[in-house]
Amino acid sequence: MMGTRQSIGQISMFDTASDFIENTARQNAHLTYKYNTSMGRHGWLRLTPAYSVRMVESVLSELKYKPNCVLEPFSGTGTTELVCADRGIMSVAYDINPFLAWFAGVKTRVYDISIPYALRSKATEIVNSLNEFAPVPYPPIAHIERWWGQGQLSFLSKLKTGIWSVRNADVRDLLKVAFCRILISISNAAFDHVSTSFNDDKSEAVFDEAATKQRFIEICFSMAETLQVQPSAAVRIYNADSTALKEDGIRFDTVITSPPYPNRISYIRELRPYMYWLDYLSSADEASDLDWATIGGTWGTATSRLSSWKAKTEAIPSYILETADRIAEADNKSAGLMANYVLKYFDDMALHFQTVFRHIASGGTVHYIVGNSNFYGNTVPSERAYADMLHSAGFVDAQYRVVRKRNCNKALYEYLISAKKP
Ligand SMILES: C[S@@+](CC[C@H](N)C(=O)[O-])C[C@H]1O[C@@H](n2cnc3c(N)ncnc32)[C@H](O)[C@@H]1O
C-alpha cells in the first residue's frame with residue numbers, strides 16, 4: 001500500500017522505506033556534503049559525513065514556529081549553526097572533536113571588514129617568501145610517505161611555518177583552513193579525499209610547486225569572497241561531550257542534528273591528516289582515546305576496548321539487544337566486538353537523549369538525521385530505536401521517515417526522526 005508522500009522544501013519524503021523505494025531510487029545527493037561545496041563558507045572543506053544545507057533548511061521550514069535557539073549536539077563542520085546564523089537564529093553546538101569544534105568556530109565567525117583584504121595579502125606574501133620559512137618537523141602520522149612525497153612535505157612544512165607566524169588570529173585561522181584544503185589536494189589520497197584509497201600519481205616527480213602556490217592563493221581569494229556574507233546571529237560552540245550537556249543557562253527549544261551512525265565510520269580516521277598537521281593529534285594512542293570517546297568510534301584500540309565495555313543505561317530497546325545477540329553469533333572473529341559496538345552506540349545515544357530532555361524547553365522539538373546499518377546480514381534499525389529511546393527519555397510524538405537512500409545497497413537509508421517535549 002502506498003503511504004503519503006510529503007514535500008519538505010524540494011526534498012521528497014515518504015512515510016515508509018517501501019514507499020520510498022516505490023517512488024524513487026535516487027540517492028538524493030543534494031542532501032549530502034556534495035551539495036555544500038558550491039555554497040559560500042559551507043564549501044570551505046569537504047567532510048563526507050556532513051549533511052547538506054538543504055536538509056537543515058527543510059527541517060527549519062517545516063517547523064510551526066521560529067526557533068529562539070537551536071542546539072546542534074553533533075556539530076561536525078558546523079552546517080546547522082551556519083544555516084541558523086544566516087537566518088538570524090541563535091545556536092549552541094557541541095562536538096567532541098577539537099579540530100571540528102575549531103573549524104566550525106572559524107566558519108561561523110563574524111569577521112572585521114579588513115579581514116578579506118588581510119587574508120589575500122598575507123596568503124600572497126607567505127607564498128612569495130616561502131623559502132625563507134624554516135620547515136617544521138613533519139607530523140607523526142603513520143606512514144606519512146604514503147600520503148605525501150618529499151617535495152610536498154617540504155612545501156607543507158614551510159607553508160605551516162609561514163601561516164603559524166601570522167599574528168592576526170582571524171587571518172591565521174582562515175589560512176589554516178586553506179592549508180587543510182591544499183594539504184589534501186597535494187596528497188596521494190585518491191579523489192583528494194582521506195577516506196578513500198591511495199594512488200601514487202602525485203609523487204615528488206610530478207609535484208608542481210608553482211601550481212600549488214597558485215592554487216593556495218586561489219583558495220584564499222575565494223574564501224575571502226565568502227566572508228562578505230556575515231552570520232547574523234550568535235553561535236556558541238563547545239568542544240565537549242553531548243552525552244552530558246553543560247549547565248550554561250542557555251535554553252534551547254529545537255535540536256537539529258546528524259549524529260554518527262552505527263556504521264563504524266571513524267571521524268578521527270577520516271580527519272587524521274588535518275588533525276596531525278594542525279597539532280590536534282600527536283600520537284596513535286591519542287587518536288584511539290578520542291575515537292573511544294566519540295559515539296560510534298571504533299578506530300585503533302577503541303575496537304579492542306569494546307570487549308570489556310559495560311552499559312551505563314537500561315534504555316537499549318529489546319530488539320536492539322536481540323539484534324546484538326544475532327550479530328554476536330555470526331561466523332566472524334570480530335562478531336562479539338561488533339555486537340558490543342552496536343550496544344555501546346545505543347547506550348551512548350540513550351545518555352544523550354536523557355540529557356537533551358533535561359535541558360530543552362517544554363514544547364521544544366528534536367530532529368535527528370540518522371542512517372540504519374547492517375552487520376553480517378543483520379539490519380540495525382536505528383530509526384525505530386531512536387523513536388523508542390526518545391519516548392523512554394520523556395519525549396512524545398516520535399515519528400520517523402526516510403529522507404535518502406544511502407548507497408547501492410538497497411537496505412541502507414537515512415531517516416529523519418522527530419519528537420517533542422511535552
Ligand atoms: C555525522 S557527523 C555531523 C556532521 C554535521 N552535521 C555536518 O554537517 O558536518 C557527527 C559528529 O558527531 C561528533 N560526535 C561524536 N560523538 C560525540 C559526542 N559524544 N559528543 C559530541 N560530539 C560527538 C563527531 O565528532 C562528528 O563530528
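# A walk through the helices and the core

Hi everyone, let's start right inside. In helix 4, the buried residues are F99, L100, A101, F103, A104, V106 and K107. Please keep in mind that this is a predicted model. Helix 4 covers residues 98-107, and 7 of its 10 residues are buried, so the rest of the structure largely encloses it. What covers those buried residues? The cover includes helix 3 (79-86), strand 4 (90-94), helix 8, strand 5 (235-238) and helix 10.

Let me follow one of those neighbours, helix 10, because M275 lies in it and counts as buried, with 24 C-beta neighbours inside 10 Å. Which residues does M275 touch, if we skip those up to four places away in sequence? They are F99, Y280 and L281. You may remember F99 from the buried residues of helix 4. M275 and A287 are also worth finding on the screen: they sit 12 residues apart in sequence, and their C-alpha atoms are 9.4 Å apart in space.

Now let's step back to the whole chain. The secondary structure comes to 15 helices and 11 strands. The chain has 422 residues, and buried residues make up 46% of them. Take the contacts with a separation of 6 or more: 69% of them are between residues 24 or more positions apart.

Helix 2, residues 53-62, is another mostly covered element, with 7 of its 10 residues buried. The buried ones are V53, R54, M55, V56, S58, V59 and L60.

On to the core. The largest nonpolar core has 113 residues, and A178, V342 and L390 are those with the most contacts inside it. Which helix gives the most to this core? That is helix 14, residues 335-359, with 11 residues. And where does the core lie with respect to the domains? Domain 1 (21-98 + 233-266 + 281-420) and domain 2 (115-226) both give residues to it, so the core lies between them.

We can zoom in on L390. Leaving aside neighbours within four places in sequence, L390 is in contact with F353, V366, F395, A398 and A419. F395 comes up again when we look at F357, a residue in helix 14. With the same kind of neighbours left aside, those within four places in sequence, F357 is in contact with A393, G394, F395 and K421. Is F357 buried or exposed? F357 is partly exposed, because 17 other C-beta atoms lie within 10 Å, and being buried takes 20 or more. Look also at F357 and K420: 63 residues separate them along the chain, while their C-alpha atoms are separated by 9.5 Å.

Next, helix pairs. Two packed helices are described by the angle between their axes and the distance between the axes. Helix 5 (residues 115-128) and helix 9 (residues 209-226) pack at about 175°, with axes 9 Å apart. Helix 5 and helix 9 are therefore roughly antiparallel. From helix 5, the contact is made by P116, L119, R120, A123, T124 and V127, and from helix 9 by K213, F216, I217, C220, F221, M223 and A224. By class, that contact has 10 nonpolar, 1 polar and 2 charged residues.

Our other pair is helix 7 (residues 150-164) with helix 8 (residues 169-185), at an angle of about 170° and with axes 10 Å apart. This pair, helix 7 and helix 8, is therefore roughly antiparallel too. Helix 7 brings L156, L159, K160 and I163, and these meet R172, L175, K176, F179 and L183 of helix 8. Here the classes are 6 nonpolar, no polar and 3 charged residues.

To finish, two loops. Most residues other than glycine have a negative phi. R264 is not a glycine, yet has a positive phi of about 70°. You'll find R264 in the loop between strand 6 (252-257) and helix 10 (267-277), and R264 is partly exposed, with 18 other C-beta atoms within 10 Å. On the other side of helix 10, D279 lies in the loop between helix 10 and helix 11 (284-293). The phi of D279 is also positive, near 70°, in a residue other than glycine. D279 counts as partly exposed, with 13 C-beta neighbours inside 10 Å.

Thanks for listening!

Notes. Residues numbered from 1 in each chain as written. Predicted model: local features only at pLDDT ≥ 70, side-chain atom pairs only at ≥ 80, totals over all residues. Axes fitted to C-alpha atoms, helices over the stretch in contact; angles between N-to-C directions. Helix = DSSP H or I, 4+ residues; strand = E, 2+ residues; numbered from the N terminus. Parallel < 35°, antiparallel > 145°, perpendicular 65-115°, else oblique. Contact = placed C-beta atoms within 7 Å. Nonpolar A, V, L, I, M, F, W, Y, C, P; charged D, E, K, R; others polar. Core = buried A, V, L, I, M, F, W, Y, C linked by C-beta atoms within 7 Å. Buried ≥ 20, exposed ≤ 12 C-beta atoms within 10 Å, placed from the backbone. Domains from an automatic or database assignment.
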